[in-house]
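Subject: Structure handover and findings

Hello,

Here is the structure for you to look over. Please open it alongside this note.

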Amino acid sequence: MPVNFMPTPQELFRFAPEMLLTLVATIIMVLEPLSGADGKRKFAVISFLSLAAAIALSVAAAGDPGAAFSSMIVVDGFSTFFRILVMVAGVLTILISTNYLRMEEHESGEYYALVLFSIVGQCIMVSANELIMLFIGLECSSIASYVLAGFLRDDKRNNESALKYFLLGSFATAFLLYGVAWIYGTTGYTNLSEIRRVLLDPNSNQNMVVISAATALMFVGFAFKVSAAPFQMWAPDVYQGAPAPVTAFMSVGPKAAAFAMFLRVLMTAFEPVKDRWEPLLWTSALATMVIGNFAALRQTNIKRLLAYSSIAHAGYIMVALTAHSDIGTAAAMFYLASYTFMNIGAFAVVTYIARKGERHVEIQDLAGLSQRRPVVAAMLTIFLLSLTGIPLTAGFFGKFYIFKAALDANMVWLAVLGMLNSAVAAYYYLRLIVVMYMQAPSDEMEELPAPSVGIQAAMFAAAAATVFLGVFPSVVLDYAGKSASFIR
Amino acid sequence: MLETVFFYAFAALTLAGAILTVTMRSAVHCAIALISSLAGVAGLYLLQHAEFLFAVQIVLYIGGVMVLFLFVIMLVNLDAAARERQFHRHWLAALACLAGTGALVALFLTRGAESFKLGAPAAEAAPGAGNIETLSMLLFREYLVPFELASLLLLVAIVGGVMMAKKRI
Amino acid sequence: MNLLDILLIIPAAGFLLTLLLPKDNPALVRNFTLFVSLIAFVLSLGLIGPVQSNPGHMTFETNTQWIEYPSIRYHVGLDGLSLWLVILSTFLTPIVILVSWKYIQNRVKEFYAFLLALLFGVLGVFVALDLFLFFVFWEISLVPMYFLVGIWGHDKRIYAAVKFFLYTMAGSALMLIAIIYLYNKSGTFDMPLMLDMMQKGRLALNGTEGFWLFLAFFFAFAIKVPLFPLHTWLPDAHGEAPTAGSVMLASVLLKLGTYGLVRICLPLFGEAARQNAAWIIGLAITGIIYGALVAMVQPNMKRLVAYSSVSHLGFVVLGVFTFTQVGLDGAVYQMLNHGISTGALFILVGMLYERRHSLEIADYGGVGTSAPWLSTMFVITTLASVGLPLLNNFVGEFLVLQGAAQVNFLYAVFAAIGVILSSVYMLWMVQRTFYGETPSEVKHHVNDLSAREWAVLVPLIVMMVWMGIGSQSFLPAVSAQNAQILELMKKPAAKEVANAR
């Protein structure tokens with residue numbers, strides 16, 4: 001038996017972004033106790049730069065695609081797309097966070113280290129081609145998020161949010177792990193491509209009951225992570241309780257990564273048994289859209305409203321997953337990219353509006369924003385119109401591609417119901433715009449200081465990306481379309 | 001034949017331990033019952049020729065985790081906990097769970113054990129290349145990266161634990 | 001890049017530039033936007049010649065790729081059908097800018113910027129030949145109107161704005177699905193290409209498909225028109241909108257719906273349109289009579305004019321679904337007429353409101369003595385609106401009735417009841433407002449027209465008369481295009497007959 005422990009340089013290069021981020025996060029932890037109370041800002045800069053470098057490394061690694069470490073991870077167009085996406089989400093999150101943490105007097109290196117660890121986990125999730133790797137990446141990302149959700153330890157809502165997220169999240173990952181064990185038990189593999197091979201093999205004579213049960217168990221875990229019905233209950237409480245920048249991060253980064261692994265597992269490993277899970281996904285997609293949109297109608301807290309809206313958006317993406325085609329995959333990828341920008345943008349504004357102690361997160365706190373801060377109001381309007389799906393914004397093309405994929409797959413009813421759902425969604429997004437533009441600010445409102453540089457940068461970048469993707473979607477869509485076939 | 005006897009013995013030990021864990025009043029008794037349950041599982045591993053898992057089960061769960069449990073139990077105020085009503089109130093939900101499980105078991109029994117065929121039991125390790133050796137070959141070659149990443153996972157968990165527990169860092 | 005592309009760019013660029021103007025200089029904003037809209041208007045006049053010389057074909061066509069996959073093209077063009085609607089939009093924009101000159105004092109910059117954005121949206125809808133592009137502009141035109149109603153409207157403005165937005169959104173959601181379905185079927189969003197494929201038999205929709213697709217488009221358009229019973233958003237939106245908003249809404253935005261019916265529903269789904277014509281005509285006639293009856297009992301002038309719109313737009317739908325040359329010509333002509341005369345009515349009502357700060361008819365009386373010229377203009381417009389010969393609406397209504405009579409004489413009879421009722425409610429309002437005793441508030445506040453208001457009203461009155469006596473300047477271009485649409489509708493049906501034999 002040849003013994004070769006040493007990975008080749010090629011393999012290391014393919015894994016370089018993750019290694020860099022882990023290294024930087026560890027260094028931050030080492031430097032943290034050595035730095036004074038007002039020297040914490042440098043950690044933000046370090047993590048920002050390391051993420052930029054990691055993005056560059058991912059791009060470089062994409063030039064030499066292939067598997068690494070006995071097919072544990074695979075660097076292809078699909079994983080590069082999502083790696084860059086979660087890192088960009090991380091960059092934007094760091095931009096939003098710095099001022100917030102200083103305001104809450106909780107600025108510390110651990111925050112940035114945890115964000116980086118979480119991103120490492122997400123990168124592993126999106127490039128893993130193996131169920132155990134996938135599980136470790138998921139846990140890494142989740143545990144970091146649990147802690148981030150409760151980062152302001154003295155805050156009651158933070159504690160509640162973190163505890164809820166932790167308990168329910170652990171429960172869901174247990175289901176996922178159980179499903180993985182079943183799959184390993186029946187097929188004898190944890191590698192996704194091998195599982196596919198076994199399932200396609202006409203001689204293997206698999207027990208479909210066990211396979212379906214295992215798929216269902218894994219579905220529970222995935223559905224929880226992407227907050228799809230019927231496992232979406234945690235999202236509103238957790239999103240509302242967590243610090244606003246963390247909510248921004250949780251609602252995009254881990255979600256995008258979870259969708260990426262969901263897609264990869266469905267399309268690579270379980271594509272041969274699609275008849276089994278298609279009805280399941282169909283129902284879940286519809287239920288997610290309906291629950292998210294109708295519950296959002298009644299919210300008065302902006303964070304909670306955006307939480308339900310993110311559930312609804314998960315529903316739209318589930319529609320693309322249900323289509324299980326290359327077009328559907330590409331549509332989901334494009335949607336996640338546009339969703340990342342518009343949602344982080346919206347949360348950047350929420351972070352800004354909330355101010356110290358997050359006292360201003362009711363919809364009424366937006367009253368007259370268009371007069372008090374016209375630029376911020378205009379930005380939030382762009383994000384909200386994009387979330388509604390108005391043309392010339394990224395959200396419109398996202399929805400368009402998703403429903404096109406659904407129609408391609410002959411799911412006319414799902415497409416029709418989904419579109420009607422998005423018309424319902426218009427109502428609650430409009431309500432925010434109404435309050436901003438059509439209500440006068442009340443007199444007792446405190447003065448709103450100008451947004452910090454970080455928030456401004458995040459807002460403008462997100463708005464620019466939202467509009468850019470709304471006018472020239474091909475840039476991202478072409479790439480998504482090309483890389484969608486990799487996960488077959 | 002002997003194996004079957006052992007199997008039922010260990011299974012009974014596991015179940016009895018589990019039942020005692022949730023029904024005993026004193027927390028220390030609960031912990032000890034849990035130890036016996038875990039020991040039963042360890043025995044089941046041994047029957048499956050999973051010597052490594054057997055060892056891990058003994059060292060990690062019965063040794064490490066349980067000691068930790070006992071420490072925690074000693075640290076918290078036991079008298080208050082003992083006086084409080086226990087979780088017997090949810091007996092309706094428990095009955096429902098029991099009925100569900102019973103139905104599942106009945107289903108599997110009526111459809112025959114064949115419908116629930118799992119992979120063939122692991123073959124006895126080849127002489128000379130013991131169970132542990134095979135495992136380590138796998139773990140440090142094919143699964144080297146997940147193995148290393150698990151350390152990252154633990155690091156994150158430790159950082160998180162410290163973060164959440166300490167008032168001021 | 002031809003004249004039409006430049007015309008599209010101007011309002012968009014104007015919108016962006018307006019946003020960059022300083023906030024504290026409303027005069028600059030007003031002058032700048034007026035300038036931009038006038039340039040757009042003058043340029044649009046340049047479109048008339050080339051289109052009229054070749055009305056049955058697309059002129060000023062531009063067809064370049066926007067998005068590679070799925071193939072979405074920036075395909076715009078102008079023919080006899082869209083020409084006058086484009087000019088109507090550019091004609092009315094400077095007018096509403098002038099109308100709002102004094103009335104809008106609050107957040108001036110945003111107001112005028114939204115007006116230009118609105119112009120961009122509607123122009124886009126009228127010239128788009130790619131279904132996807134059409135949808136994009138359709139939605140874009142929605143957003144500025146929402147803000148115009150919601151920010152500068154009257155008391156119940158937010159309710160009205162949200163209702164308007166959601167109604168249209170619900171309709172367009174179904175339309176988008178239908179558009180994507182058509183794409184999956186044909187592989188293109190391009191309307192002329194799709195029609196060509198249908199003619200050559202490469203794209204065939206079976207009965208059920210045709211029916212549902214037709215219905216999806218029809219539903220979206222019927223909400224916009226608005227066809228009874230989907231009209232309920234209209235009185236609210238009109239009643240609450242500022243004058244400029246009401247004018248643009250009535251004169252241009254409602255036409256998007258009827259334009260869509262003629263441009264998309266008829267040629268693409270001729271078969272389904274024929275099959276469903278009976279109940280649609282029924283709804284149209286119900287709308288004509290219902291709108292008129294409700295208008296009669298309105299105490300609020302704006303709502304009265306709004307309900308009269310429901311009635312007038314019923315005529316347009318009736319004309320479209322007669323599938324006769326005269327009916328269709330009348331319908332398109334009536335779209336333009338309604339744009340001019342109802343627009344003028346809203347402007348005049350707005351002028352009264354600026355003076356007296358009330359929309360209730362009961363608050364007025366004897367305005368004729370205190371503001372004779374204003375009253376004269378109002379009466380002329382009213383007469384145009386009720387369809388007095390020599391004024392514009394007469395021509396359109398006559399043609400529509402003629403077309404309806406060709407199909408079924410009863411249609412014409414019932415629709416004619418609407419004409420009679422319209423003179424009742426309009427003249428009754430005129431009588432209560434302009435004649436009789438003059439209350440003291442009216443005497444003190446309602447003075448006569450200013451120079452700016454003259455500048456607003458004279459072009460409108462001139463157009464009413466011109467369109468009434470000189471319909472030959474406008475109709476040939478429209479007819480040529482309509483003839484072609486009817487031809488397109490006929491062909492598949494004829495083919496089926498041939499196949500059956």
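Below is what was found, starting with how the chains meet and ending with single residues.

First, a caution. This is a predicted model.

**How the chains meet**

Two pairs of chains touch, and the pair with the most contacts is A and C. On that interface, 24 residues of chain A are in contact with 25 residues of chain C. Three helices of chain A each supply at least two residues to the side facing chain C: α17 (394-408), α18 (412-438) and α20 (474-484). The largest share is from α18(A), with twelve residues. By type, this side of chain A has 18 nonpolar, three polar and three charged residues.

Chain B also meets chain A. Here 22 residues of chain B are in contact with 27 residues of chain A. On the chain B side, α6 (131-142) and α7 (144-165) are the elements that give two or more residues. The largest share, 13 residues, comes from α7(B). This side of chain B divides into 16 nonpolar, three polar and three charged residues.

Chains B and C are not joined by any contact. Their closest C-alpha atoms are 39 Å apart.

**Chain B**

Chain B has seven helices and zero strands. Of its 169 residues, 9% are buried. Among its contacts with a separation of 6 or more, 55% join residues 24 or more positions apart.

Look at helix α2 of chain B, residues 27-47. This helix has 21 residues and spans 31 Å from first C-alpha to last, close to the expected 30 Å. Its buried residues are Leu34(B), Ser37(B), Leu38(B), Gly40(B), Val41(B) and Ala42(B). They pack against α1 (2-23) and α3 (51-75) of chain B. Just after α2(B) comes His49(B), with a positive phi of about 65°.

**The core**

The largest nonpolar core has 411 residues. Which residues have the most contacts inside it? They are Phe334(A), Ala348(A), Ile177(C), Ile179(C), Phe217(C), Cys265(C) and Leu318(C). Helix α14 of chain A (residues 326-354) gives the most to this core, with 21 residues.

Ile179(C) is worth a click. Setting aside neighbours within four places in sequence, Ile179(C) is in contact with Leu131(C), Phe132(C), Phe135(C) and Phe189(C).

**Two helix pairs**

The first pair is in chain A. Helix α11(A) (residues 244-269) and α14(A) have axes that come within 7 Å and cross at roughly 170°. An angle over 145 degrees counts as roughly antiparallel, so α11(A) is roughly antiparallel to α14(A). Residues of α11(A) in the contact include Ala248(A), Val252(A), Phe259(A) and Leu263(A). From α14(A), the contact includes Leu336(A), Ile344(A), Phe347(A) and Ala348(A). Ala348(A) was also listed above for its contacts in the core. The residues of this helix contact divide into 16 nonpolar, six polar and no charged.

The second pair is in chain C. Helices α17(C) (residues 372-386) and α19(C) (residues 409-434) pack at about 170°, with axes 9 Å apart. That angle makes α17(C) roughly antiparallel to α19(C). From α17(C), the contact uses Ser375(C), Phe378(C), Val379(C), Thr382(C), Ser385(C) and Val386(C). From α19(C), it uses Ser422(C), Ser423(C), Met426(C), Leu427(C), Val430(C) and Phe434(C). These residues divide into seven nonpolar, five polar and no charged.

**Two last places to look**

One is α20(A), already named on the side of chain A that touches chain C. Its buried residues are Val476(A), Leu477(A), Ala480(A), Gly481(A), Ser483(A) and Ala484(A). They pack against α4 (77-103), α14, α17 and α19 (453-471) of chain A.

The other is Tyr103(C), in helix α4 (residues 80-103) of chain C. Is Tyr103(C) buried or exposed? Neither fully: Tyr103(C) is partly exposed, because 16 other C-beta atoms lie within 10 Å, and a residue needs 20 or more to count as buried and 12 or fewer to count as exposed. Beyond residues up to four places away in sequence, Tyr103(C) touches Pro242(C), Thr243(C), Gly350(C) and Glu354(C). The C-alpha atoms of Tyr103(C) and Met351(C) are 9.1 Å apart, although 248 residues separate them along the chain.

Best wishes

Methods
Residues numbered from 1 in each chain as written. Chains lettered and ligands numbered in written order. Predicted model: local features only at pLDDT ≥ 70, side-chain atom pairs only at ≥ 80, totals over all residues. Contact = placed C-beta atoms within 7 Å. Helix = DSSP H or I, 4+ residues; strand = E, 2+ residues; numbered from the N terminus. Nonpolar A, V, L, I, M, F, W, Y, C, P; charged D, E, K, R; others polar. Axes fitted to C-alpha atoms, helices over the stretch in contact; angles between N-to-C directions. Parallel < 35°, antiparallel > 145°, perpendicular 65-115°, else oblique. Core = buried A, V, L, I, M, F, W, Y, C linked by C-beta atoms within 7 Å. Expected span 1.5 Å × (residues − 1).
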